Amino acid sequence: MTVLSAEHERQRAALRARVRAAEAELLPVYRLLPDRGLWAGPAGWAFRLRIDGLRERIDAAWAALAAAEAEL
Amino acid sequence: MTLEVSGGGSVAVETEDLLGARRELREVAQRVDGIHGQVRAALACTELATGAAAQVLARAENELADAVREAELLACELEAAAEAYGWAERVVLAQQQLLARLAGPVPELGALLVALGVSAAQHSALTVGDPQIVAALRHLADAVNLPGLVVLVRALPGDALEETAVTASPVTASAPRIDRAPGGFGDLAKRIPPAQAGQPQLRVEKYTLPDGEHHWVVYSAGTIDWSLEPGTEPWDDTSNVVGVAGGSAGSTRAAIEALKRAGWKSGEPVVPVGHSQGGIVATAIATSGVAPVPAVVTFGSPTAGVRVPRGTVDVAVEHTDDPVPALGGSPRPLVDARLLVREATPADARGSGVLPAHELTGYARTAAEMDVSSDPRLVAARGKLAAFTGGGPAEVTLWRGERLSEGQAAGSGAGR
């Protein structure tokens, strides 16, 4: 029983490390997002909305990963 | 560099910035997809995690999957979005030009326009290169029935817009000069003869391909004489108006005459290139059916409304602050094969004349930018040009067209 629990804990630690690694890899993605102010005019406005939406999804994924790490 | 390339079939608008943004979004999609894969793999181990951890991991997995889809979709839709921008821009400019048109010729309307929220300073600040004025000219050209106008003007006393017979003579009496093939759009622009009184208006290049077939490139200058009443110069306003109206302009006939006298035979393909009125000449050659025309290249020409034959690569370069292309009316629908390259005149390449954005030097700079563009349609057009010349060398001759008086025409047998 003790052996099983230790193995379980080791696997949880490994999982936590994988989640942390995913978080770390996600951060540089922000820098790759195109300049949201690239264009003026109506399509520029639409483009900014789309980029903002994409950024929000990445924010949400990052927050969820951070929460998962905390739970593990 | 902010070249805007429109048309060419599948894609409507594309800029270097747009290509960069697409690349960035694809990189984002690829990276996030990789992270998504890691999280999915982690989720497969959720028996190790508590319920709450599994729940938030699943949420992260969903958000990442959505982010990948969103980035890929946005990369794909970027061109469509840019096209929507182009159309919206045209709508806004159309509104502005309407106000500008009212404010110019009818000063009394100034007070009314002020009441409508358009400032007097805005009126006085408008110059011929302002986008509003350029759009106004385009709108005006759309509204004018030019062939009808030509008929009306010809009915007035005098010889305004009366076409004449023309002839073309070689300026270089000796054997043709040998030159290398043009390396791209920049070379094409630089080879267009400058619009100078008494100087050659045409440059003709003959290429002999390995199979013995002859290919030709003809370069035409812009307007030299701005008077409506024709003198001896065919590159005049009569040719401008008659050419835009779809008539048989003297300059176009002189160009075809020069080709024939240079040795061009019926059926041999020709790539016409021109600046300003030279673009009218080039487009007229392409549409006349006189020769197979695999490509036509125009710089600052009022030929927006002219449709070239199917299969002809039609590259039109317009400075957004140049009023002359606007005189050709609104561009044709972007579903056809025309490549419309638009850019504001490079600041350090503006001329010092009446129309600084229209001068050939500025267009030559823009053409050089087109040569380093990675836009796939410009790359393809450059490839087509290279294949057409076969890499050269070119036999170059320079030609000067002249209008003939009725007496000279009767003696020479030249027609209108």
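**Exercise 1. Pair up the strands leading into the sheet.**
Find the bridge partner of B:E205 in strand 6 of chain B, then work along to strand 7 of chain B.

*Solution.*
Step 1. B:E205 is bridged to B:V217, which sits in strand 6 of chain B. Keep in mind that this is a predicted model.

Step 2. Now widen the view to the whole strand pair. Strand 5 (residues 202-208) of chain B and strand 6 of chain B run antiparallel, joined by 7 bridges. The two form a hairpin with 5 residues between them, and in the turn B:G212 has a positive phi of about 90 degrees.

Step 3. Move on to the next neighbour. Strand 6 of chain B pairs with strand 7 of chain B in the parallel sense, over 5 bridges. Look for B:S220 here: its bridge partner in strand 7 of chain B is B:G274.

Step 4. Check the burial. Strand 6 of chain B is largely enclosed by the rest of the structure, because 6 of its 7 residues are buried.

**Exercise 2. Work out which way the residues of strand 8 of chain B point, and what the strand pairs with.**

*Solution.*
Step 1. Start with a rule of thumb: side chains in a regular strand alternate between the two faces of the sheet.

Step 2. Apply it to the strand. B:A295, B:V297 and B:F299 point one way, while B:V296 and B:T298 point the other way.

Step 3. Is either set exposed, or are both buried? All of these residues are buried; put as a count, that's 5 of the 5 residues in strand 8 (residues 295-299) of chain B.

Step 4. Look to one partner. Strand 7 (residues 270-275) of chain B runs parallel to strand 8 of chain B, with 3 bridges joining them. B:H275 is the residue standing opposite B:F299. To get from strand 7 to strand 8 of chain B, the chain goes through helix 10 (residues 277-288) of chain B, giving a right-handed β-α-β crossover.

Step 5. Look to the other partner. Strand 9 (residues 313-319) of chain B pairs with strand 8 of chain B, again in the parallel sense, over 5 bridges. Within strand 9 of chain B, B:A316 is the bridge partner of B:T298.

**Exercise 3. Follow the chain into helix 10 of chain B and describe how the helix is packed.**

*Solution.*
Step 1. Begin at the loop between strand 7 and helix 10 of chain B, where you'll find B:S276. B:S276 isn't a glycine, yet it has a positive phi of about 60 degrees. Why does B:S276 count as buried? There are 29 other C-beta atoms within 10 Å of B:S276, and the cut-off for buried is 20 or more.

Step 2. Check the helix geometry. Helix 10 of chain B has 12 residues and spans 16 Å from first C-alpha to last, close to the 16 Å expected at 1.5 Å a residue.

Step 3. See how covered the helix is. In helix 10 of chain B, 10 of the 12 residues are buried, among them B:I280, B:V281 and B:I285.

Step 4. List what those buried residues pack against. The neighbours are strand 6 (214-220), helix 8 (237-244), helix 9 (250-262), strand 7 and strand 8 of chain B.

Step 5. Finish at the far end. Just after helix 10 of chain B, B:G289 takes a positive phi of about 80 degrees.

**Exercise 4. Describe how helix 9 of chain B crosses helix 10 of chain B, then place B:R253.**

*Solution.*
Step 1. Get the geometry first. The helices pack at an angle of about 60 degrees, with axes 9 Å apart. The crossing is right-handed.

Step 2. Find the residues that meet. Helix 9 of chain B contributes B:S251, B:T252, B:A255 and B:I256; helix 10 of chain B contributes B:Q277, B:V281, B:A284 and B:I285.

Step 3. Now turn to B:R253, which is also in helix 9 of chain B. B:R253 counts as buried because it has 26 C-beta neighbours inside 10 Å.

Step 4. Trace its surroundings. Beyond neighbours within four places in sequence, B:R253 is in contact with B:V166 and B:S248. B:A168 is 85 residues from B:R253 in sequence, but their C-alpha atoms are 8.9 Å apart in space.

Key:
Residues are numbered from 1 along each chain as its sequence is written. Chains are lettered from A and ligands numbered from 1 in the order in which they are written. This is a predicted model: local features need pLDDT of at least 70, side-chain atom pairs count only at pLDDT 80 or more; totals for chains, interfaces and linings use all residues. Helices (H or I, at least four residues) and strands (E, at least two) are DSSP runs, numbered from the N terminus. Two strands pair if DSSP finds at least two bridges between them. A crossover is right-handed if, with the strands pointing away from the viewer, the path from the first strand over the helix to the second runs clockwise. The expected span of a helix is 1.5 Å times one less than its number of residues. Two residues are in contact if their C-beta atoms, placed from the backbone, lie within 7 Å. Axes are lines fitted to C-alpha atoms, for helices over the stretch in contact, and angles run from 0 to 180 degrees between N-to-C directions. A crossing is left-handed if the near helix is turned anticlockwise from the far one by less than a right angle, and right-handed if clockwise.
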